[in-house]
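Biologist: I am new to this structure, and I would like a close look at a single part of it. Please start in a loop, then follow the chain into the strands, and tell me what surrounds them.

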Amino acid sequence: MEIRKVTADKRKFLLLLLLADEEERMIDRYLDRGEMYVVDDGGVKSECVVTDEGGGVLEIKNLATLPSEQGKGYASALIEFVAEKYKDRFSTLRVGTGRAPRRFPSTRSAASCASAAFRGSSRTTTKNRSWTAAFCSST
């Protein structure tokens with residue numbers, strides 16, 4: 001399993017992005033300014049887009065895993081990767097969620113993935129760094 005940054009042609013992952021955010025126009029609002037990472041494990045299985053929201057806040061705008069690959073730890077690995085990568089630049093990791101799970105019932109929301117990764121706590125520690133995990137809904 002490899003986690004890699006996507007620097008060009010992020011829209012080629014649009015079908016995967018739409019699993020977490022069902023409105024393409026909403027994806028367009030953050031995709032260019034965000035940093036995108038994918039899990040490649042014999043092909044791309046999961047993706048995550050994060051944005052700098054200012055004030056020490058890093059927000060997970062989009063987190064999705066192919067339905068056939070869910071439950072294998074890919075989203076949790078991405079959250080852990082992001083938390084570790086940005087630990088020195090941000091104090092809060094915020095997860096914005098939408099209504100995509102209503103459309104794709106088997107898709108776990110970003111908040112539930114993050115809750116699992118953070119073991120249900122509003123604070124977490126990743127490699128000697130304590131984070132505040134703030135969950136919000138855009139519903």
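Modeller: Let us begin with D9, which is exposed, with a relative accessible area of 52%. You will find D9 in the loop between β1 and α1, the latter covering residues 14-20. Its backbone deserves a glance too: D9 is not a glycine, yet its phi is positive, at about 55°.

A word of care before going on. This is a predicted model, with an average pLDDT of 78 across the protein and 69% of the residues scoring at least 70. Two stretches call for caution. Over residues 99-113 the pLDDT stays under 50, and the model has 30 contacts there beyond four places in sequence. Over residues 115-139 the pLDDT also stays under 50, with 59 such contacts in the model.

Now for the overall plan. The protein has five helices and seven strands, and from the N terminus the order reads β-α-α-β-β-β-α-β-α-α-β-β. Of its 139 residues, 44% are buried. Take the contacts between residues at least 6 apart in sequence: 60% of them join residues at least 24 apart.

From the loop that holds D9, step back to β1, residues 2-6, which pairs with β2, residues 35-40, in the antiparallel sense over five bridges. One of the pairs to look for is R4 with V38 of β2. V38 also stands opposite E47 in β3, and this takes us to the next pairing. β2 and β3 (residues 44-54) run antiparallel, joined by six bridges. Three residues lie between these two strands in their hairpin, where G42 takes a positive phi near 75°.

The next hairpin joins β3 to β4. It has two residues between the strands, and G55 has a positive phi near 65°. The pairing here is antiparallel once more, with eight bridges, and N62 of β4 is the bridge partner of V49.

That brings us to β4, the strand I would like you to look at most closely. Is β4 enclosed by the rest of the structure, or open? Eight of its nine residues are buried, so the strand is largely enclosed by the rest of the structure. What does I60 touch, leaving out residues up to four places away in sequence? Its contacts are C48, V49, V50, I79, L93, R94, V95 and G96.

K61, also in β4, makes a useful contrast. Buried would need a relative accessible area under 20%; K61 comes in at 22%, so it counts as partly exposed. Apart from neighbours within four places in sequence, K61 is in contact with Y30, R33, V49, T51, E53 and G96. D21 is 40 residues away from K61 in sequence, while their C-alpha atoms are 8.7 Å apart in space.

G96 appears in the contacts of I60 and in those of K61. G96 belongs to strand β5 and is buried, with a relative accessible area of 13%. Its C-alpha atom is 7.8 Å from that of N62, although the two residues are 34 apart along the chain.

Next, the side chains packed inside. The largest nonpolar core has 17 residues, and V50 and I60 have the most contacts within it. Five elements, namely β2, β3, β4 (57-65), α3 (74-85) and β5 (92-97), each supply at least two of its residues. α3 gives the largest share, six residues. There is also a second, separate core of eleven residues, F13, I27, M36 and V49 among them.

Since α3 contributes that largest share, let us finish there. Its buried residues are Y74, A75, A77, L78, I79, V82 and A83. A general rule helps when you look at such a list: an α-helix has 3.6 residues a turn, so residues three or four places apart point the same way. The length of α3 can be checked as well. Twelve residues at 1.5 Å a residue should span 16 Å, and the C-alpha atoms at its ends are 16 Å apart, which agrees.

For a last look at the outside, the protein exposes about 7,100 Å², and carbon and sulfur atoms supply 46% of that.

Key:
Residues are numbered from 1 along each chain as its sequence is written. This is a predicted model: local features need pLDDT of at least 70, side-chain atom pairs count only at pLDDT 80 or more; totals for chains, interfaces and linings use all residues. Side-chain values use heavy atoms; hydrogens and water are left out. pLDDT is the predictor's confidence in each residue, from 0 to 100. Contact means heavy atoms within 4.5 Å. Two strands pair if DSSP finds at least two bridges between them. Helices (H or I, at least four residues) and strands (E, at least two) are DSSP runs, numbered from the N terminus. Buried means under 20% relative accessible area, exposed over 50%, partly exposed in between (1.4 Å probe, protein chains only). Accessible areas come from the Shrake-Rupley method with a 1.4 Å probe; for residues, only the protein chains shown count as cover. A nonpolar core is a set of buried Ala, Val, Leu, Ile, Met, Phe, Trp, Tyr and Cys residues joined through side-chain atoms within 4.5 Å. The expected span of a helix is 1.5 Å times one less than its number of residues.
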